[in-house]
Amino acid sequence: MSWLWAIIVGFVLGLIARAILPGKQHQPIWLSTLFGMVGAILGNAVAGWIGVADTRGIDWTRHLLQLAGAVLIVFLGDMMYKAVRGERRQTT
């Protein structure tokens, strides 16, 4: 069941990250989901390093760090995706 939650959270974070970033992102939605999952893992790691991973109530700081990680990974992933796939699509 934890994999299902990871996919759902990754999907939501990937969509929010795509909405936050300016311009059009070129990667497919499944890749945004994977980037969102990686961003959530990165945000959890940072939250653990700074000591805010487990707090009473809703972990707003951890959630914001997850979103920031997702935005960063989606941005970098989109740049890599365009570099690898974008040039091939433009030439055909």
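What share of the 92 residues in the protein is buried? Buried residues make up 30% of them. Keep that in mind as you go through the close-ups below, which all come from a predicted model.

**Figure 1. The whole protein is built from three helices and zero strands.** Read along the sequence, the pattern is α-α-α. Helix H1 covers residues 2-20, helix H2 covers 29-50 and helix H3 covers 60-91. Along its principal axes, the C-alpha trace spans about 55 × 25 × 20 Å.

**Figure 2. Eleven residues make up the largest nonpolar core.** Start with Leu13, Ala17 and Leu21, then look for Leu31, Phe35 and Ala40; these are among the members of the core. The list also includes Ala70, Val71, Ile73, Val74 and Tyr81. Each of H1, H2 and H3 supplies at least two residues of this core. Which helix gives the largest share of this core? That is H3, with five residues.

**Figure 3. The largest pocket has a volume of about 320 Å³.** Its lining counts 20 residues, and those closest to the pocket centre are Val9, Leu13, Ala40, Asn44 and Gln66. Helices H1, H2 and H3 each give two or more residues to the lining. Sorted by class, the lining has 14 nonpolar, five polar and one charged residues. You have met two of these names before: Leu13 and Ala40 also belong to the largest nonpolar core. As general background, rolling a probe the size of a water molecule over the atoms shows where empty space is left.

**Figure 4. Helix H2 has 22 residues and reaches 31 Å from its first C-alpha to its last.** That span is close to the 32 Å expected at 1.5 Å a residue. The buried residues of H2 include Leu31, Phe35, Met37 and Ala47. Glycines appear among them too, including Gly36, Gly39 and Gly43. Just after H2, Gly51 takes a positive phi of about 85 degrees.

**Figure 5. Leu34 lies in helix H2.** Is Leu34 buried or partly exposed? Leu34 counts as partly exposed because its relative accessibility is 40%, and that class runs from 20% to 50%. Now find Gly77: Leu34 and Gly77 are 43 residues apart in sequence, and their C-alpha atoms are 9.9 Å apart in space.

**Figure 6. Arg62 forms a salt bridge with Asp59.** A search of the whole structure finds two salt bridges, and this view shows one of them. The closest N and O atoms of Arg62 and Asp59 are 3.2 Å apart. Both Arg62 and Asp59 are buried. In general, side chains of opposite charge can pair when their charged atoms come close.

**Figure 7. Asp78 and Lys82 form a salt bridge within helix H3.** Their closest N and O atoms are 3.9 Å apart. The two residues are four residues apart, about one turn of the helix. An α-helix has 3.6 residues a turn, so residues three or four places apart point the same way. How does burial class the two partners, as buried or partly exposed? Asp78 has a relative accessible area of 7%, so Asp78 is buried, being under the 20% cut-off. Lys82 counts as partly exposed because its relative accessibility is 36%.

Notes:
Residues are numbered from 1 along each chain as its sequence is written. This is a predicted model: local features need pLDDT of at least 70, side-chain atom pairs count only at pLDDT 80 or more; totals for chains, interfaces and linings use all residues. Side-chain values use heavy atoms; hydrogens and water are left out. On a 1 Å grid over the protein atoms alone, a cavity is a set of points where a 1.4 Å probe fits but cannot get out, and a pocket is an open set with protein on both sides within 12 Å along at least five of seven lines; lining residues have an atom within 4 Å of a point. Grid points are joined across faces, edges and corners, and a volume is the space filled by probe spheres set on the points. Ala, Val, Leu, Ile, Met, Phe, Trp, Tyr, Cys and Pro count as nonpolar, Asp, Glu, Lys and Arg as charged, and the others, Gly among them, as polar. The expected span of a helix is 1.5 Å times one less than its number of residues. Buried means under 20% relative accessible area, exposed over 50%, partly exposed in between (1.4 Å probe, protein chains only). A salt bridge is a side-chain nitrogen of Lys or Arg within 4 Å of a carboxyl oxygen of Asp or Glu. A nonpolar core is a set of buried Ala, Val, Leu, Ile, Met, Phe, Trp, Tyr and Cys residues joined through side-chain atoms within 4.5 Å.
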